[in-house]
Amino acid sequence: ATRGPGSIGEKLEAGSAANQAAIIARFEREARESAGRHESLNTQLGIMQQRLQELEQSARVASTMQEDLQYLSQDIATLRGEASRVDVEMRERVAKGERELRAEIRASQRLLLEVAESSSKVSREKAVPIEHPGAASQAALQNGRP
């Protein structure tokens with residue numbers, strides 16, 4: 001009875017084979033799902049690694065820009081200092097030039113006054129009396145000349 005068709009052994013074997021086939025089908029389905037998840041996770045991991053590289057590159061660029069801005073700020077501060085120094089020097093030169101120009105103007109004015117006084121003295125010493133034109137003819141009449 002145990003070996004005939006439809007015996008318990010055959011039924012157990014058939015049930016066991018069905019269970020085994022179901023387990024294998026389930027295992028294969030879960031393996032495919034797991035492979036799909038694995039693929040998706042690998043894709044996401046690749047995207048995250050690419051973003052990380054981009055962020056690292058951006059961080060390097062930002063660091064370089066920050067260094068450049070620091071150098072630029074230092075250069076601007078240096079230029080401001082130099083401009084201030086040049087401005088002070090220029091103001092000092094202009095003030096000195098103004099003082100020298102005023103001194104030259106005063107010296108020129110004194111010289112002009114001296115020349116005017118000398119000219120005035122010379123004119124008084126060499127002054128020739130100017131006669132009225134009618135005076136010469138009057139003198140000639142008095143001397144007997146027409």
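Is Arg37 buried or exposed, and at what relative accessibility? In this predicted model, local features need pLDDT of at least 70 and side-chain atom pairs count only at pLDDT 80 or more, while totals for chains, interfaces and linings use all residues. Residues are numbered from 1 along each chain as its sequence is written, and side-chain values use heavy atoms, with hydrogens and water left out. Arg37 turns out to be exposed, at 54% relative accessibility. The labels work like this: buried means under 20% relative accessible area, exposed means over 50%, and partly exposed is in between, with a 1.4 Å probe and protein chains only.

Stepping back to the whole chain, there are two helices and zero strands. Both kinds of element are DSSP runs numbered from the N terminus, with helices being H or I runs of at least four residues and strands being E runs of at least two. Helix 1 covers residues 8–125. Just 1% of the chain's 146 residues count as buried. About 13,600 Å² of the chain is exposed, and carbon and sulfur atoms supply 57% of that area. Accessible areas come from the Shrake-Rupley method with a 1.4 Å probe; for residues, only the protein chains shown count as cover.

Now for the charged pairs. Side chains of opposite charge can pair when their charged atoms come close. A salt bridge here is a side-chain nitrogen of Lys or Arg within 4 Å of a carboxyl oxygen of Asp or Glu, and by this rule the count is six. One of them joins Arg37 to Glu33, at 3.6 Å from N to O. Glu33 and Arg37 sit four residues apart in helix 1, so about one helical turn separates them. Unlike its exposed partner Arg37, Glu33 is partly exposed, at 39%.

Further along, Glu89 bridges to Arg93, with 4.0 Å between the closest N and O atoms. Here again the two residues are four apart in helix 1, which means about one helical turn between Glu89 and Arg93. Glu89 is partly exposed at 29% relative accessibility, whereas Arg93 is exposed at 55%. This pair also belongs to something wider: a network of salt bridges links Arg85, Glu89 and Arg93.

Glu98 and Arg102 make another salt bridge, their closest N and O atoms lying 3.9 Å apart. Both are in helix 1, four residues or about one turn from each other. Arg102 is partly exposed at 46%, and Glu98 is partly exposed at 40%.

The surface has a nonpolar side too. Leu69, Leu72 and Ile76 make a nonpolar patch of about 270 Å². Patches are built from residues with over 30% relative accessible area and no salt bridge, joining like charges within 9 Å and nonpolar side chains (Val, Leu, Ile, Met, Phe, Trp, Tyr) within 5 Å. Ile76, found in helix 1, is partly exposed, with a relative accessible area of 38%.
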